[in-house]
Amino acid sequence: MAASGPSKSAQERREAQREALRKQRQAELSRQRTVRTVVIAVITVVAVAIVATAGYFVYQATRPAGPVAVPEGMSADQPYLVLGAPADSGKPVVELHLDFMCPFCGQFEEINGEDLATMVAEEEMTLHLVPRNFLDPQSTTGDYSTRAAAAMVCVYEDDPDNVMAFQELMFANQPAEGSAGLTDEEIWGYAQEAGASEAVQSCMSAGTYAPWVQRVADPYGAENGGGTPYIEIDGTPLEAETWSQPGALREAVLAAGGAAPSDGGEG
């Protein structure tokens, strides 16, 4: 019977085991280095993306604002629409701040809307109308007040004579706070019902006057009056206790102009 080859000594077996362990450790270290390199690379990419995104928003927030579009005849910094008697007529100047999402503005319109429309149509006052958007956060879309206010400016540009009818329709169909608000199609429908031309729909779709509402009218309202509705006659604020009484607003305006309400023609 042939003899077998020489067997490995105990020392040789230990050396072989150590070599196998060494190679195993090297392989594990190599794998860990690869994983670490990949993780660092991913973190770097994410960090760069975050910095770039933050930089973009900082740039957007701090870059010089572009020109604000306004209807013809208005200066870019004029914070209100002018209706009724000409500014140089000597008639009382009534300033009214409204937000189309504001429920108290809806109450104001319900009580005083008809008188407002009459005073504008008969030029018993010069109305400075400030459409606000500070209640944007109260709509689930986050922009209802802006869309509605900008639409009013579109109606004004198209034909100022339709503004009061548009305002009446918007408040007669006022959405609840916390809702999405009226859709653009619904707003356009009320503008059309008030007499607006097709140009108003294009103006609304383009968001032409949203920057004016956001950067001119609302900041002015926040500094002068604060909330809505806010009304003043010749610079003097009119308290809710007065305007909440039917007919009281018109009486106050006519009194400021040195006139009295009509008694129906009886002598």
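These legends accompany close-up views of a predicted model.

**Figure 1. The whole chain, for orientation.** Before we zoom in, here is the overall picture. The protein has nine helices and five strands, and along the sequence they follow the pattern α-β-β-α-β-α-α-α-α-α-β-β-α-α. Of the 267 residues, 36% are buried. Among contacts with a separation of 6 or more, 76% join residues 24 or more positions apart. The accessible surface comes to about 15,200 Å², and carbon and sulfur atoms account for 54% of that area.

**Figure 2. The largest nonpolar core and Leu127.** This core has 59 residues. Leu127, Leu129, Phe166, Met170, Trp212 and Leu249 are those with the most contacts inside the core. Helix H3 gives the most to this core, with ten residues. Take a moment with Leu127: leaving out residues up to four places away in sequence, Leu127 touches Leu81, Val82, Leu83, Val94, Leu96, Val120 and Met164.

**Figure 3. The packing of helices H3 and H7.** Helix H3 spans residues 144–158 and helix H7 spans residues 210–223. Their axes are 8 Å apart, at an angle of about 105 degrees, which makes H3 roughly perpendicular to H7. On the H3 side, the contact is made by Thr146, Ala149, Ala150 and Val153; on the H7 side, Ala210, Trp212, Val213 and Gln214 take part. Sorted by type, the residues of this contact are six nonpolar, two polar and no charged.

**Figure 4. A closer look at Ala150.** Ala150 lies in helix H3 and has a relative accessible area of 8%, so Ala150 is buried, the cut-off being under 20%. Not counting neighbours within four places in sequence, Ala150 is in contact with Tyr209, Ala210 and Val213. The C-alpha atoms of Ala150 and Asn133 are separated by 9.2 Å, with the two residues 17 apart along the chain.

**Figure 5. Thr140 in the loop before H3.** Thr140 sits in the loop between strand E3 (126–131) and H3. Its relative accessible area is 59%, and Thr140 is therefore exposed, since the cut-off is over 50%. Beyond residues up to four places away in sequence, Thr140 touches Gly178, Ser179 and Ala180. You can also pick out Gly181, 41 residues from Thr140 along the chain, with the two C-alpha atoms 7.7 Å apart.

**Figure 6. Helix H9 and its surroundings.** In helix H9 (residues 248–256), the buried residues include Ala248, Leu249, Arg250, Val253 and Leu254. Leu249 also appears among the residues with the most contacts inside the largest nonpolar core. The buried residues of H9 pack against strand E2 (93–98), helix H2 (103–121), strand E4 (230–233) and helix H8 (240–243). Just after H9 comes Gly258, with a positive phi of about 80 degrees.

**Figure 7. Backbone details worth checking in three loops.** If you enjoy torsion angles, this view is for you. In the loop between H7 and E4 lies Pro229, and the peptide bond from Thr228 to Pro229 is cis, with omega near -5 degrees. Glu123, in the loop between H2 and E3, is not a glycine but has a positive phi of about 55 degrees. Glu123 counts as partly exposed, at 37% relative accessibility. Asp234 lies in the loop between E4 and strand E5 (236–237). Asp234 also has a positive phi, near 50 degrees, in a residue other than glycine, and counts as partly exposed at 45% relative accessibility.

Technical notes: Residues numbered from 1 in each chain as written. Predicted model: local features only at pLDDT ≥ 70, side-chain atom pairs only at ≥ 80, totals over all residues. Heavy atoms only, no water. Axes fitted to C-alpha atoms, helices over the stretch in contact; angles between N-to-C directions. Helix = DSSP H or I, 4+ residues; strand = E, 2+ residues; numbered from the N terminus. Parallel < 35°, antiparallel > 145°, perpendicular 65-115°, else oblique. Contact = heavy atoms within 4.5 Å. Nonpolar A, V, L, I, M, F, W, Y, C, P; charged D, E, K, R; others polar. Core = buried A, V, L, I, M, F, W, Y, C linked by side-chain atoms within 4.5 Å. Buried < 20%, exposed > 50% of the residue type's maximum accessible area, 1.4 Å probe, protein only. Areas by Shrake-Rupley, 256 points an atom, 1.4 Å probe, with all protein chains shown as cover.
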